[in-house]
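This report describes a two-chain model, beginning with strand pairing and moving on to the interface and some local features. Please keep the sequence and the 3D view open while reading.

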Amino acid sequence: MGLLKGSATLTRYQVDGALPPDAADFLDRRIRRGLFMDIEDTTDELAVGWVSAGDFLDTSFAYAGYSLGPYVVLGFRVDQRKVPAAMLRKYQRLEEMKFLAMSQDQGGARLNRARREQLRERARLGLLARIPPTTQVYDVVWDTGRSELWIGSASRGVLDRFEDHFSRCFSLGLVPRLPYLLAGDILTDENQRELLAAARPLDF
Amino acid sequence: MDVLTILNEKVFLGQEFLTWLWWLAEQESPHRTGDDRVVEVMLGDHLVLGPAQGREGARITVRGHEASLAEAREGLKQGKLVESLRLGLIVDNEEFWLSLRAADLTISSLKLPPMQGGDDHEPGGLWLERIALVEMAIAALDDLLRSFLQARLPDDGRDFRQTLTAWMEEAR
């Protein structure tokens with residue numbers, strides 16, 4: 001989404017940490033460790049992982065298809081199931097009615113708070129099994145030569161998930177290119193860096 | 001300094017940079033950067049002003065060209081600075097349009113110049129061309145940030161403040 005096609009959106013990061021000498025093997029191992037695993041036939045609510053940037057159904061990466069010169073180009077796929085609140089309320093009520101009807105037959109168990117929670121969870125799991133996940137894919141371009149990385153999203157929720165997945169896969173940190181940090185990298189003169197650290201907001 | 005502290009305490013740098021870009025578009029474009037790159041900067045049709053760091057107040061959002069800039073200038077008068085804007089850049093005869101956010105310099109709605117590769121090209125080749133164009137836009141922005149810092153940092157920003165204040169006064 002939003003980087004390799006159409007009108008681009010991107011958040012920039014500095015990759016914190018160095019790749020090992022066997023960078024190509026390392027990257028291949030770690031990318032495969034973090035591949036996207038389908039949750040279509042499960043009740044899982046969330047799955048994230050790497051897919052081909054050109055085809056979100058492709059996780060084979062034949063011939064290291066993620067490698068493009070100095071760049072690693074990936075898709076970060078996020079599949080998510082969400083049960084709408086109104087739907088959950090409806091199915092919780094249906095579960096409660098079923099329970100009350102059965103308990104009357106068996107001498108009348110009460111519908112206390114714990115029981116309601118239990119029925120709510122049962123309704124939720126039942127719905128999760130029937131609701132297909134939604135899929136979003138965000139393009140990722142990692143310039144391994146300059147340790148700069150872009151992802152095609154500016155959404156905080158997506159960025160949090162991406163940062164977490166990236167760090168777990170590659171054991172490398174991601175530092176967002178905030179103006180102050182970027183300025184520190186751009187300035188080569190130590191005096192200017194000191195001025196930057198001391199700078200305070202101007203009163204216009 | 002952690003990221004959260006920087007977001008809270010250094011947001012002024014992004015606001016001042018974007019406000020300077022507006023000034024640059026009106027007063028000193030095309031701009032020659034330190035490494036001799038010429039960048040033409042144009043103000044687009046979207047501008048959001050918000051309270052400067054440490055101040056409170058409402059945001060002002062303006063859309064459209066000259067007609068609504070009067071409202072944005074009124075915002076400057078109230079001590080507000082640019083939070084996000086739409087910007088055009090011309091670098092080496094290539095034209096880019098993008099929206100930029102002061103807090104984190106996130107780029108959105110980046111419109112690239114037309115690509116040379118046709119539809120029958122391999123995706124890898126098209127991606128490389130596209131990446132090169134995105135890099136070109138980013139390099140121009142980094143050059144502009146460097147120019148901003150060179151103007152802003154010396155002398156506790158006094159000259160910089162004076163220049164921008166004069167422009168703001170002129171606009172009033």
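In which sense do strand 1 and strand 7 of chain A pair, and over how many bridges? The model, which is predicted, shows strand 1 of chain A and strand 7 (residues 173–176) of chain A paired in the antiparallel sense over 4 bridges. Within this pairing, D16(A) has G173(A) of strand 7 as its bridge partner.

Strand 1 of chain A also runs antiparallel to strand 6 of chain A, and 4 bridges join them. Here Y13(A) is matched with L149(A) in strand 6 of chain A. Strand 1 of chain A has a partner in chain B as well: with strand 6 (residues 107–111) of chain B, the pairing is antiparallel over 2 bridges. The residue L10(A) has I107(B), in strand 6 of chain B, as its bridge partner.

The pairings of strand 1 of chain A are collected below.

| Partner strand | Sense | Bridges | A bridge pair |
|---|---|---|---|
| Strand 6 of chain A | antiparallel | 4 bridges | Y13(A) and L149(A) |
| Strand 7 of chain A | antiparallel | 4 bridges | D16(A) and G173(A) |
| Strand 6 of chain B | antiparallel | 2 bridges | L10(A) and I107(B) |

**The interface**

The size of an interface is often given as the accessible area lost when the parts come together. For chain A and chain B, the buried area is about 3800 Å², and carbon and sulfur atoms give 69% of that area. P179(A), L202(A) and F204(A) supply 20% of the area that chain A buries against chain B, more than any other three residues. The contact involves 41 residues of chain A and 45 residues of chain B.

Polar links are present too. The rule finds 14 residue pairs in polar contact across the interface, both residues being at pLDDT 80 or more. On the side of chain A that touches chain B, at least two residues come from each of strand 1 (8–16), strand 4 (71–80), strand 5 (134–143), strand 6 (148–151), helix 5 (179–186) and helix 6 (190–198) of chain A. Helix 5 of chain A gives the most, with 6 residues. By residue class, this side of chain A holds 27 nonpolar, 6 polar and 8 charged residues.

Salt bridges across the interface number 3 by the rule. One of the salt bridges joins R146(A) and E135(B), whose closest N and O atoms are 3.4 Å apart.

**A buried aspartate**

Is D79(A), a residue of strand 4 of chain A, buried or exposed? D79(A) has a relative accessible area of 0%, which is under the 20% cut-off, so this residue counts as buried. Its side chain makes a polar contact of 2.8 Å with the side chain of R77(A). Beyond its neighbours within four places in sequence, D79(A) is in contact with several residues, including D38(A), E45(A), T134(A) and Q136(A).

**Backbone features in loops**

A64(A) lies in the loop between strand 2 (46–51) and strand 3 (67–68) of chain A. Although A64(A) is not a glycine, its phi is positive, at about 50°. A64(A) is partly exposed, with a relative accessible area of 29%.

In chain B, D155(B) sits in the loop between helix 4 (123–152) and helix 5 (158–171). Its phi is positive, near 60°, in a residue other than glycine. The relative accessible area of D155(B) is 38%, and the residue is partly exposed.

The loop between helix 2 (11–27) and strand 1 (31–32) of chain B contains P30(B). The peptide bond from S29(B) to P30(B) is cis, with omega near 0°.

Terms used. Residues are numbered from 1 along each chain as its sequence is written. Chains are lettered from A and ligands numbered from 1 in the order in which they are written. This is a predicted model: local features need pLDDT of at least 70, side-chain atom pairs count only at pLDDT 80 or more; totals for chains, interfaces and linings use all residues. Side-chain values use heavy atoms; hydrogens and water are left out. Contact means heavy atoms within 4.5 Å. Buried area is the accessible area (1.4 Å probe) that two parts lose on being put together, summed over both. A salt bridge is a side-chain nitrogen of Lys or Arg within 4 Å of a carboxyl oxygen of Asp or Glu. A polar contact is a pair of N or O atoms within 3.5 Å; within protein, one must be able to donate a hydrogen and the other to accept it, and residues adjacent in sequence count only if both atoms are side-chain atoms. Ala, Val, Leu, Ile, Met, Phe, Trp, Tyr, Cys and Pro count as nonpolar, Asp, Glu, Lys and Arg as charged, and the others, Gly among them, as polar. Two strands pair if DSSP finds at least two bridges between them. Buried means under 20% relative accessible area, exposed over 50%, partly exposed in between (1.4 Å probe, protein chains only).
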